[in-house]
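User: Could you take a close look at one strand in this model and walk me through what surrounds it? I'd also like to hear about any enclosed empty space.

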Amino acid sequence: MGKVNTVLGTIATEELGVTAIHEHIGFGLPGCDLDTQWWSKAEEMFETTIQKLQRFREHGGKTFVDCTGIGNGRDIPYFQVLSRKTGVNIVAVTGFVAGDSALPYFRDKSIEYLTNLFVHEITVGIDGTSAKAGAVKVGVSRGGLSELDERIYRAAARAAAKTGVPVITHLSTNAERQMELFEMEGLSIDRAIIGHADIGPDVDEERDVMIAKRGGYVGFDTIGYDAELENAPYWSCGRQERIQHFLSFLEKGYLKNAVISADANCWPLGWPGVEGHSVNYLFEEFIPDLRKAGVDEGIIEQLLVHNPANILTMRAPVFV
Ligand SMILES: [Zn+2]
């Protein structure tokens, strides 16, 4: 039977259910936790986050993968409280959103050092707790893969290959190089989600097909950052354009290589976030849009249940 690490312990794959594979309880740049202006509303933060997770639960959501790396607001004791209170499984990650959002302390560390750090968080626990990471997060810095990003990618691939957890990437730019780094370090591409393929300026159908052909997962995982929003961020995409892009990928026969998520923050840390956007957009807007386009329930279940289970299930027994 397959297993997945959550902040409240290791669970059976069957317990994952409907899964949002790329989300954030709260993401912020390193240092945000020292800015008291943003931390003055702890009660409101807690209430808002609980409400969003409860709503997620009401929509049938069972598992929330928090893709916030080290130093970006990942807070395991807090995640444990949220999970206990709402009944939502929370999967935490080790790794970094990208090199340019890693704390200075980690920036000059070797591949070996970073590998040991990730393996420790996957097999022993995070921040002194027994909560183990269920995936490794890596990403592309603004402007393209940096030397530090590459070190993090190599370490992530080694740690993932050694422990059996998957890797989830931030951005799908430089996808070919990303996959090359994984393979060079012994990680099979079918253990990776190349994420944020649906960012408006980065849409590239040929790249998506190239990833899928090599067995990788393509993350349509910034769903709901619509260009139509009044406060649309630079990574937004037109609502119809995103749906067309996604449907075109399915039509080419790559359903099993697609994952969907919203990359929303329950409560952004140190930045205003995008008002009104939450993980629940998936259920309230996107899935209804898919149904209107004729997508059947079997496909929706594949996207929300089976594909996340396939990628999250640890490949090898946990390395101790
Ligand atoms: Zn994210």
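Analyst: Strand 9, residues 217-220, is covered on both faces: Tyr217 and Gly219 are buried on one side, and Val218 and Phe220 are buried on the other. That fits a general pattern, since side chains in a regular strand alternate between the two faces of the sheet. Please keep in mind that this is a predicted model.

Now for the neighbours. Strand 8 (residues 192-194) pairs with strand 9 in the parallel sense, over two bridges, and Ile193 has Tyr217 as its bridge partner. To get from one to the other, look at helix 7 (residues 205-213), which joins strand 8 and strand 9 in a right-handed β-α-β unit. Strand 9 also pairs with strand 10 (residues 258-260), again in the parallel sense, over three bridges; here Phe220 is matched with Ile260. The chain passes from strand 9 through helix 8 to strand 10, and this β-α-β crossover is right-handed.

As for empty space, the model has two cavities of 30 Å³ or more. The second largest cavity, with a volume of about 40 Å³, is lined by residues including Ile223, Gly224, Asp226, Arg239 and Tyr281. Helix 8 (239-251) and helix 9 (281-292) are the elements that each give two or more residues to that lining. By class, the lining has four nonpolar, one polar and four charged residues. The largest cavity holds about 70 Å³ of space, and its lining divides into seven nonpolar, three polar and one charged residue.

Note on methods
Residues numbered from 1 in each chain as written. Predicted model: local features only at pLDDT ≥ 70, side-chain atom pairs only at ≥ 80, totals over all residues. Heavy atoms only, no water. 1 Å grid on protein atoms, 1.4 Å probe; cavity = no way out; pocket = protein on both sides within 12 Å on 5 of 7 lines; lining within 4 Å. Points joined across faces, edges and corners; volume = space filled by probe spheres on them. Nonpolar A, V, L, I, M, F, W, Y, C, P; charged D, E, K, R; others polar. Helix = DSSP H or I, 4+ residues; strand = E, 2+ residues; numbered from the N terminus. Buried < 20%, exposed > 50% of the residue type's maximum accessible area, 1.4 Å probe, protein only. Pairing = 2+ DSSP bridges. Right-handed = clockwise from strand over helix to strand, strands pointing away.
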